[in-house]
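Trainee: I'd like to go through this structure with you, bit by bit. Can we start from the sequence and the model?

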Amino acid sequence: MFCANFFRTVMLLVCMLAAIALLLASNIGTIGKQMTKSSIFLLELNTKGIDIASLYPKAGSVSISELGIAEAYIFGMYGYCRGVQGQSTTNAETHWEDIHFTSSECTPSSTSYTFDPLNFMIDEINEHNTLGIKVTESDLNLPGGLAGYVKTASHISQVIYICSIIAICLLVLSVMCSLLCWCIGSTALIIFLQNLAFVSAVISTGCATGAFKYIESEFNKYGTSFGVHAQLSRNYLVLAWLGTGMILLSVLVTAVTQCCCCVGRPVTTTFDRVL
């Protein structure tokens, strides 16, 4: 029994530590200029060919640089960076994408950062334009259904970050419980924490995939007329979904080993004496 519990614990620790490493990489990799080095982010916008008349009809004859809009942006959980976009390449052996993004400036990293495309454009123009203008929500237009998606995008950004942190913390607790309970074979608490971590990771990664895929499709659907190309980060999606998959694997390992242990236990029969 001692060896069985030890072997089970080792397998669990390998799965959970791998999940923690993957989820941490997908989270920490989106902090500030780290995004430009790791190419781990939530969304990239190439605004080099943006049509000013479509975005800001009152602008008149002004250039992108005068309006304060950079050529490209990448967005993470903690903020975004502006800069110049190079040509994306993918390593054939590792399938790791390198976007060759050169950052000129990044916003201060903040756990309270939320992304919505409209307020992002407002902040960029108001902070960086050379015309001395101040724009409001009523001055700018976004393509497709993005204008009505502003509040939803902001809320989903919060859910992505919060659930990602919850999943990582629950996995750390699961590892601690595994180390404390392996000698007595107690798995109920571990399974409970693993399931909560899995649900949190699915919500975080699912929201990131679904919400930003919608934003990507809306920008690209009107790319010809609006002039903005959007792209999700393959690196982030791979890390986040692999981490989520490793949590599921750890749940299955716990369940299977627990069932095997239950089956292997000898059954003792007791007889009551009838007086």
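What follows is a chat about confidence, overall make-up, aromatic rings, empty spaces and a few residues.

Trainee: Before we dig in, what should I know about the model, and what is its mean pLDDT?
Mentor: This is a predicted model, where local features need pLDDT of at least 70, side-chain atom pairs count only at pLDDT 80 or more, and totals for chains, interfaces and linings use all residues. Residues are numbered from 1 along each chain as its sequence is written, and side-chain values use heavy atoms, with hydrogens and water left out. As pLDDT is the predictor's confidence in each residue, from 0 to 100, we can look at the chain as a whole: 84% of its residues reach 70 or more, and the mean pLDDT is 82.

Trainee: Which residues have pLDDT under 50?
Mentor: Where pLDDT is low, the predicted coordinates should not be read in detail. One stretch stays under 50, with two contacts (heavy atoms within 4.5 Å) beyond four places in sequence, and that stretch is residues 262-275.

Trainee: How many helices and strands does the protein chain have?
Mentor: Both are DSSP runs numbered from the N terminus: helices are H or I with at least four residues, strands are E with at least two. By that rule the protein chain comes out with nine helices and seven strands.

Trainee: And what percentage of the residues is buried?
Mentor: Buried means under 20% relative accessible area, exposed over 50%, and partly exposed in between, using a 1.4 Å probe and protein chains only. Of the 275 residues in the protein chain, the buried share is 47%.

Trainee: On to the rings: how many aromatic pairs are there?
Mentor: Rings of Phe, Tyr and Trp (its six-membered ring) pair if their centres lie within 6.5 Å; planes under 30 degrees apart are stacked, over 60 edge-to-face, and the rest tilted. Counting that way gives twelve.

Trainee: Which residue forms a stacked pair with Tyr73?
Mentor: The ring centres in this pair are 6.4 Å apart and the planes make 25°, so with the cut-off under 30 degrees the pair is stacked. Tyr73 and its partner are both buried. The partner is Phe75.

Trainee: Is the pair of Phe75 and Tyr80 stacked or tilted?
Mentor: Phe75 and Tyr80 are both buried, and they belong to one aromatic cluster with Tyr73, Tyr113, Phe115, Phe120 and Phe212. Their centres are 5.4 Å apart with 40° between the planes, which makes the pair tilted.

Trainee: Which helix gives the most to the lining of the largest pocket?
Mentor: On a 1 Å grid over the protein atoms alone, a pocket is an open set with protein on both sides within 12 Å along at least five of seven lines, while a cavity is a set of points where a 1.4 Å probe fits but cannot get out; lining residues have an atom within 4 Å of a point. The largest pocket holds about 200 Å³, and among its 16 lining residues the closest to the centre are Tyr80, Thr107, Asp123, Glu124 and Glu127. β3 (80-85), β6 (101-106) and α5 (117-128) each supply at least two lining residues. With six residues, the largest share comes from α5.

Trainee: How much space lies in the largest cavity?
Mentor: Grid points are joined across faces, edges and corners, and a volume is the space filled by probe spheres set on the points. There are three cavities of 30 Å³ or more. The largest is lined by residues including Leu42, Tyr113, Ser157 and Phe212, and its space is about 50 Å³.

Trainee: Is Ser157 buried or exposed?
Mentor: Ser157 sits in helix α6 (residues 150-181), and its side chain reaches the backbone oxygen of Ala153 at 2.9 Å. Beyond four places in sequence, Ser157 touches Thr114, Phe115 and Phe212. Its relative accessible area is 11%, so Ser157 is buried.

Trainee: How far apart are the C-alpha atoms of Glu44 and Gln231?
Mentor: Glu44 is in strand β1 (residues 43-46) and, at 2% relative accessible area, is buried. Its contacts beyond four places in sequence include Tyr73, His229 and Gln231. Glu44 and Gln231 are 187 residues apart along the chain, yet their C-alpha separation is 5.2 Å.

Conventions. Polar contact = N/O pair within 3.5 Å; in protein donor to acceptor, adjacent residues only side chain to side chain.
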